[in-house]
Structures are given as C-alpha cells and as structure tokens.
Amino acid sequence: MSQTQQMEASDSISNQDPNREDPKKTKSRRPPNTAFRQQRLKAWQPILTPKTVLPLFFVVGIIFAPIGGLLLYASSLVQEISIDYTNCNASAPFTDAIFDASAPSTLADIPSGDVSATFKTSMKSQPQWGRAWENYTWPSGKVQNTSVCILSFEIPNDIQPPILFYYRLTNFYQNHRRYVKSVDIEQLKGTARTVSDINSGDCGPLDVVDNKPYYPCGLIANSMFNDTFTNLNATNPSQNENSPSVYNMTTDGISWAHEGDLYGKTKYKPSEVVPPPNWQEQYVNGSYDGMTELPDLHTWEAFQVWMRTAGLPTFSKLAQRNDNDVLRAGTYRLKIYDRFPVQAYSGTKSILISTRTVMGGKNPFLGIAYIVVGGLCILLGAVFLATHLIKPRKLGDHTYLTWNNDQPSTATTTGRAGGA
C-alpha cells in the first residue's frame, strides 16, 4: 500500500465519524457440529442375503395362510339372508295385508338376483313377496295409509341368538362433505339454538323456515331412513310346540354404547320449531303443534344410528335385534311399511337378517387377502430357494457390476449406445 493510501485510511473523515457503524459480521448458516445435525449418528442397515430373506418369506407365509383360513372359517359360520325389496311396490302382486292361513297364497317369487342366503341347510323354497295398503299409526298419533311390502321367506334351520336385523342402502353417499357438515351439534345436545344461531351455522339449506328453526336441522336428519319393519310372524313354524308364532325384535341396543351421550333432550317447546320436510308426514298438519313434547334424541337409537354417517355409498345399519331367543326353522312373513324413495337417486334398499361371530358379520375378503399374501410368500420363497440352490450367486461379487464387464454396455438411457 502506498503512503498516500495509508494517509487516506488514517485521516479519513469517515473513520473519525462517531456515528459510523462497523460492518456486521455475516452469520454462518453452517449447522452446529453435533452428531445429530451433522448426520453422524450410529445406524444399522441389514444386509439382505438368501439366508435371511428366504426364511422370512416362509415364516410370513406359514403365519398368514392359517390366519386367513381361520378368518374364512369364521365368516362361513355366519348365517344370513338378504332380500332386495326396492321394486316391491312396483313389481310384486297385490295381496292381503292381514295374513289368512286358510286362504290361497297370492304372493309371487322374488327374482333370484334379489335374494342371497347362507344357511347350514339349503332353502327348499324361493322367498316371495306381495304388496298392499294399510293404515299405519305414527308415534305422534297420526294415521296414514301406507304402501306395505310383504316378504315371505324360509329359515331352513334353527339359528342361535343374537339375531341382527339390518337395512342396507346402495348409492347413498353419506360421506359427501356438504352432507356431513349439515348438522348443528349444540342443537342435538339439547340446546335451544336461536334462529340467528342456526342461520350462522352449518345446517343450510335446511336451517330456518318461517322464522322458526328446523328441529333437528340439517340434511342428515332430514334424510333419515323411514321404512318401518314389523316383527317376524311365523306362518309355518317347526313342529316344536314351544315355537312362538311371532319372533319379537327390539330397537333397544342397536346404537353403540354411550352414543346417546352425544344427544340430549331438547329445551325447545313444540311451538318454537318445525319438523324437517321429510318428517312432516309423520305429524298432524306437518308440525309439532299440539304435541306435549318433542322427540327425545337421547333415547332415540334409530336416529343415533342414522346420524353416524357411513364412509362408503353401500352400507348397512342395524334396525332391530334379538339377543335372547332362538330363531326356529320355519316360514316367516315380514311387513315393511315402504316409504324411503331410493329410486330418486338410483339406489337400492334391502333387508339383512344375520348372525355374527367373534370377527363380526360375513365378510370373506380379509380371510382371502391373508391366504393370498401367505400363498404368494411361500411361492416366492420356493422360487428363490430353487434359484439359490441351482444357480447360487456369490455374495458381494463385483464381477456383476456393469463397469467391470469386458463387454460394453448396451444401455441407451441417454440415447447413446455404450453409455457414451
């Protein structure tokens, strides 16, 4: 450095400025020198050799295959009958709503594609159906002339309890986002929500009408399944004298334990709210007026089951059950007050009478999946074992590396032969 430059550096006015700030030192972005931040932690990586891989294949196959067999066996123990009655009110012949054993039967066979059954003993007759009209009295006291679907089916052998009665719907998307959100949780718990509260909530488009809130509001409650099932009436029971003529079922216990805790008895008065549109046919003049109290959602288990939305468009929901009595062999008639309009969305509806095992209802998929995985593991293990015995490969042999081969590579990943 020249003398002039030294003078400028020492006598510079900027160097003598008291407000002058020294340049800040650049902060290093280097991570701390620790084993974790510098990725020096101890690690273990298995070396896959035939001695470790082959036994693993066989062990997985030996474990999975028997488990799959047990699951299939458990599923085969389930006895059930399913009848699709979607077209009953259009295709079934007219018959008498009240059964008369002395009169000739006017029922017709149900198409075989609408029936599926699994019993220990094969059914000797095809299930039949008919339709009629009959007055039905709602819990509110309103009497309504309703279309009735009558099913007649055979139970070929005695079935031990519990007997579970489901309804099954198809093509009904309860998992639609707008549908799932259309509910007011506080209203279901019993809180008397105001009109402004309901309007600002998620119940739309079924929230308020004529400055009164719907109770319960929302799409889920409005679309509740409203077909009604009677008990099973034996028309030709087994020769056992103790066989009852009616097999009674109940709606008690169809919801999950403690599910009722999500619902409460409402603080609304009947005159303060309006029933959802699809509920109005149950009440005189389509309103709650004149009733002493509103439906108690805390004890209404059928409502609780419906409000537990399904994740798939085809689902079954428990409607009634009998946990104590044996369902004796014989022919039974079932009345269904047919109201739920599945044709509006191209769906179907069925009944399902079933038993259960420790694995639940009939579902062979899990057992088949375990058997397939176990079989594939055993097959692959056998193939690899034969390959290892017939043409073994030296572990860690570098001659298999492509750049050690005398022959030029024929790879053309870059479009140039020989890797050039």
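1. Let's start with W138: at 6% relative accessibility, this residue counts as buried. Its partner Y136 is buried as well, with a relative accessible area of 17%; the cut-off for buried is under 20%. Keep in mind that this is a predicted model.

2. On the aromatic side, the count comes to 21 pairs. Take Y136 and W138: the ring centres are 5.2 Å apart and the planes sit at 85°, so this is an edge-to-face pair. Y136 has a charged neighbour too, since the charged end of R339 sits over its ring, 4.6 Å from the centre.

3. W306 and F340 also make an edge-to-face pair, because their planes are at 70°, with the centres 6.3 Å apart. W306 belongs to helix α9 (residues 301-307), while F340 is in the loop between β13 (330-337) and β14 (348-354), so the pair ties together parts 34 residues apart in sequence. Both rings come from buried residues: W306 has a relative accessible area of 0%, and F340 has 7%.

4. W306 and F340 are also members of one aromatic cluster, which includes F165, Y167, F172 and Y345.

5. One more charge over a ring: R308 lies over the face of W256, at 3.8 Å from the ring centre.

6. Now the whole chain. The secondary structure comes to 10 helices and 14 strands, and 35% of the 420 residues count as buried. Of the contacts between residues at least 6 apart in sequence, 76% join residues at least 24 apart. The accessible surface is about 26100 Å², with 55% of that belonging to carbon and sulfur atoms.

Key
Residues numbered from 1 in each chain as written. Predicted model: local features only at pLDDT ≥ 70, side-chain atom pairs only at ≥ 80, totals over all residues. Heavy atoms only, no water. Helix = DSSP H or I, 4+ residues; strand = E, 2+ residues; numbered from the N terminus. Buried < 20%, exposed > 50% of the residue type's maximum accessible area, 1.4 Å probe, protein only. Contact = heavy atoms within 4.5 Å. Areas by Shrake-Rupley, 256 points an atom, 1.4 Å probe, with all protein chains shown as cover. Phe/Tyr/Trp six-rings, centres within 6.5 Å; stacked < 30°, edge-to-face > 60°. Lys NZ or Arg CZ within 6 Å of the ring centre and 35° of its normal.
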